[in-house]
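Ready for a few exercises with worked solutions? Have a look at the sequence and the model first, then try each task before reading on.

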There are 2 protein chains.
Amino acid sequence: LQIADIRITPIAISDPPLLNSVGLHAPYALRLITEIVSDDGIVGISEIPGGVKNETGLRQAAAFFDGHDPFDFNRLTAILDGAFTAADDKRGTNPWDQRLKKHVMSALEVACYDLIGKATGKRVAELLGGVVRERVPYAGYLFFKYAGAGGALGFGMDADATGWPAARQREAVTPEGIVAQAEALIDAYGFPSLKLKGGALDPEIEVGAMEALHKRFGPKMPLRFDPNAVWTMETALAAGKRMKGFLEYYEDPVRGQAAMAEVGKALGIPMATNMCTTSFDDLPESIRLHSEDVILSDHHFWGGFRPCLALAALCRVFGRGLSMHSNSHLGVSLMAMTHLAAATPNLTYDLDTHYPWQSEEIAAGGAIRFDEGHVRLPDAPGLGVELDPVQLASLHRQYLMAGLQERDDETEMRKLHPEFRAALVRY
Amino acid sequence: LQIADIRITPIAISDPPLLNSVGLHAPYALRLITEIVSDDGIVGISEIPGGVKNETGLRQAAAFFDGHDPFDFNRLTAILDGAFTAADDKRGTNPWDQRLKKHVMSALEVACYDLIGKATGKRVAELLGGVVRERVPYAGYLFFKYAGAGGALGFGMDADATGWPAARQREAVTPEGIVAQAEALIDAYGFPSLKLKGGALDPEIEVGAMEALHKRFGPKMPLRFDPNAVWTMETALAAGKRMKGFLEYYEDPVRGQAAMAEVGKALGIPMATNMCTTSFDDLPESIRLHSEDVILSDHHFWGGFRPCLALAALCRVFGRGLSMHSNSHLGVSLMAMTHLAAATPNLTYDLDTHYPWQSEEIAAGGAIRFDEGHVRLPDAPGLGVELDPVQLASLHRQYLMAGLQERDDETEMRKLHPEFRAALVRY
């Protein structure tokens, strides 16, 4: 089993105008689809965040893997360590991670696992140590948003034209709007928990939305809140006190491990992060300071499944909880997340997913089904998901037409609010 | 690929009268050979320390694995977590680990990997992440010892009868004896580094032996010393000062993480352990105290390959070195150690091995060859070693005749020195 060819296809997927701490989702989100073809014609696939930087890096790296044994993850790591510099592995200050090397590693590693699974007749979760849960639970991911479904319609709103559920096209910039959004997501997907992305509007509105969710869904509904580290210590403490009674965890209210530790100590509620402890290099100081109680892994940002399993082992050893982060993604990423979670005994929190916000799919058979908020592990070998070549080509054409280079939520927001500036501290 | 049968064979192997902190090696060391047979007739093998406790536990556990998928390591772990109690997972104070659950897990996990390797045509190191070194270096393991080859000859010495090298039958209870032993081992195996097991004789003799080794082999020969934690702080500090200039690492001079940290801080030399930090539960305090710089893994004691790889990840994250511990063992354990080391990028120290002290072998083809102190990874799938059924049966008969229940170096020593008592602190 050797790698004979690696195909990389950039795609653009319609993305609704979701608000976050650094601006607004553009009408399209960019993804990269990798297909690794073995010498005997088996194809392994993966999906990572797109953009010119990731695509260029992935294409450059792919050139090294002709004849590579897909089982040889140590060689994969060594090659990428040699191909990229430390400068290619910097996270940046955005809510999403920008480590080029980790993204490339993830694209190749996950596709290799899919390939190995198909070659050996095993599901990826079985290759990762065994299935501890056949159904993986997800949290409903709530966003403040402007009206519209994204894509070619931009900020417009035209349920008939998109065919996308009207409830998800609606504006949500108030507590009532968020509650309505939550009702719609739960109605469609059955999510057993909810997360609200904050840092976008006045904290009074955001905390008000959390209180409204608690009031609407009661104490049995786990609620999370994540303002992506743009709050001051003062705001974080005041808001945390109001939400303390019902928060499952408090995700990145402030920036940096020391500040996170301070909030956690002051409030005595579980702190979570995908911004202050986001790599193995961050872990010693995280442990020393106890900067968070729950780490959100993400196989796209940590370099694939194997690093995420190592992170899981670390979390077990040091008594940290483990959850999972998401960005706008399609079904290949969703299934990769599902396999990883299915094979991680101590991944006990419902996973984040943007999936309900996407209206297109490249997976053969269309949108992945959720049952009571859970995704069932497929029976087929590998990731258990195949590409629909027609849809892949269509979303590639959409990429070429969209003309986007990199994700830039700040620029997108300025189209509507020219005065907007992303800042490390906003409220 | 399902488990159809598990065969467990206790064996006794001739073991020479090696001295350590708790006494003397008995004429036989006990090992357990596990053969896992799949539904399509493939056999995966492993070797762990023997004794009635391990054999009983392993047989009890084996009953749970009829029809088990050898890939499902999470289920393996869950079953063993359910089958054994915390009391079955206590290390004890001896130099060797006595965790029943970990031994059982290791026996089953390693045999499953061998099975998977044979079923998929991959070498075990390839299944563990990929081969980073085709040749794995070992250290020459020196012991104070009484004359003799062990086995049926007991403490006697009869080179002609045993066919075992006369140089290894000789007594070694002085610095000169240890130097001669080192010369013999290096001559036969080409070891690139040396380790002396201490804690057995007066520290003056032991430190003298280390100084003599340094004088004989010069500054380019890495030297390690390990008195198995029976030294006082005073002895450890005084001896450490004398050896500071040439020690590669100082292994367990004193007992417990706090004392180890104190010695390391006082001397400023690399500290190593397989006694104070020996499980994941020990790691948080180890990190907090910096109780050692190098952790000696051992797949028999940590529950198999996967835990050792998780330990390796932890060592990388927290800047700890990684080496490997050994007990009296045959070729199946040697090859398992070799595969694990071959797949662990940050296992950068030469591995410990008792292998030169064994005169029998169950591996088909006889004794594993060392080349310049290195063992080459075999080309065959799985561990690359097969059992010799005639030798296995012969060493099983030897087990039945030897009548030993458990390793008990203290009792063995009392046969020669009735006044001997094993103690937590000796010198």
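Three exercises follow, each with its solution in steps.

This is a predicted model, in which local features need pLDDT of at least 70 and side-chain atom pairs count only at pLDDT 80 or more, while totals for chains, interfaces and linings use all residues. Residues are numbered from 1 along each chain as its sequence is written, chains are lettered from A and ligands numbered from 1 in the order in which they are written, and side-chain values use heavy atoms, with hydrogens and water left out.

**Exercise 1. Two residues of chain A**

Work out whether A:Asn54 is buried or exposed, and do likewise for A:Asp40.

Step 1: Place A:Asn54, which sits in helix 1 (residues 52–62) of chain A; helices (H or I, at least four residues) and strands (E, at least two) are DSSP runs, numbered from the N terminus.

Step 2: Apply the cut-offs: buried is under 20% relative accessible area, exposed over 50%, and partly exposed in between (1.4 Å probe, protein chains only). A:Asn54 is buried because its relative accessibility is 6%.

Step 3: List its contacts (heavy atoms within 4.5 Å). Not counting residues up to four places away in sequence, A:Asn54 touches A:Leu32, A:Pro49, A:Leu100, A:His103 and A:Val104.

Step 4: Turn to A:Asp40, in the loop between strand 4 (28–38) and strand 5 (43–49) of chain A. With a relative accessible area of 53%, A:Asp40 is exposed.

**Exercise 2. The interface**

Describe how chain A and chain B meet.

Step 1: Count the residues: chain A gives 26 and chain B gives 26.

Step 2: Take the buried area, meaning the accessible area (1.4 Å probe) that two parts lose on being put together, summed over both. For chain A and chain B this is about 1,900 Å², with 64% from carbon and sulfur atoms. A:Phe71, A:Asn74 and A:Val317 supply 29% of the area that chain A buries against chain B, more than any other three residues.

Step 3: Look for salt bridges (a side-chain nitrogen of Lys or Arg within 4 Å of a carboxyl oxygen of Asp or Glu). The rule finds 2 across this interface. The side chains of B:Lys122 and A:Asp69 form a salt bridge at 2.7 Å, N to O.

**Exercise 3. The core**

Which residues touch the most other members of the largest nonpolar core?

Step 1: Define the core: buried Ala, Val, Leu, Ile, Met, Phe, Trp, Tyr and Cys residues joined through side-chain atoms within 4.5 Å.

Step 2: Among its 264 residues, the answer is A:Leu108, A:Leu213, A:Tyr250, B:Leu108, B:Leu213 and B:Tyr250.
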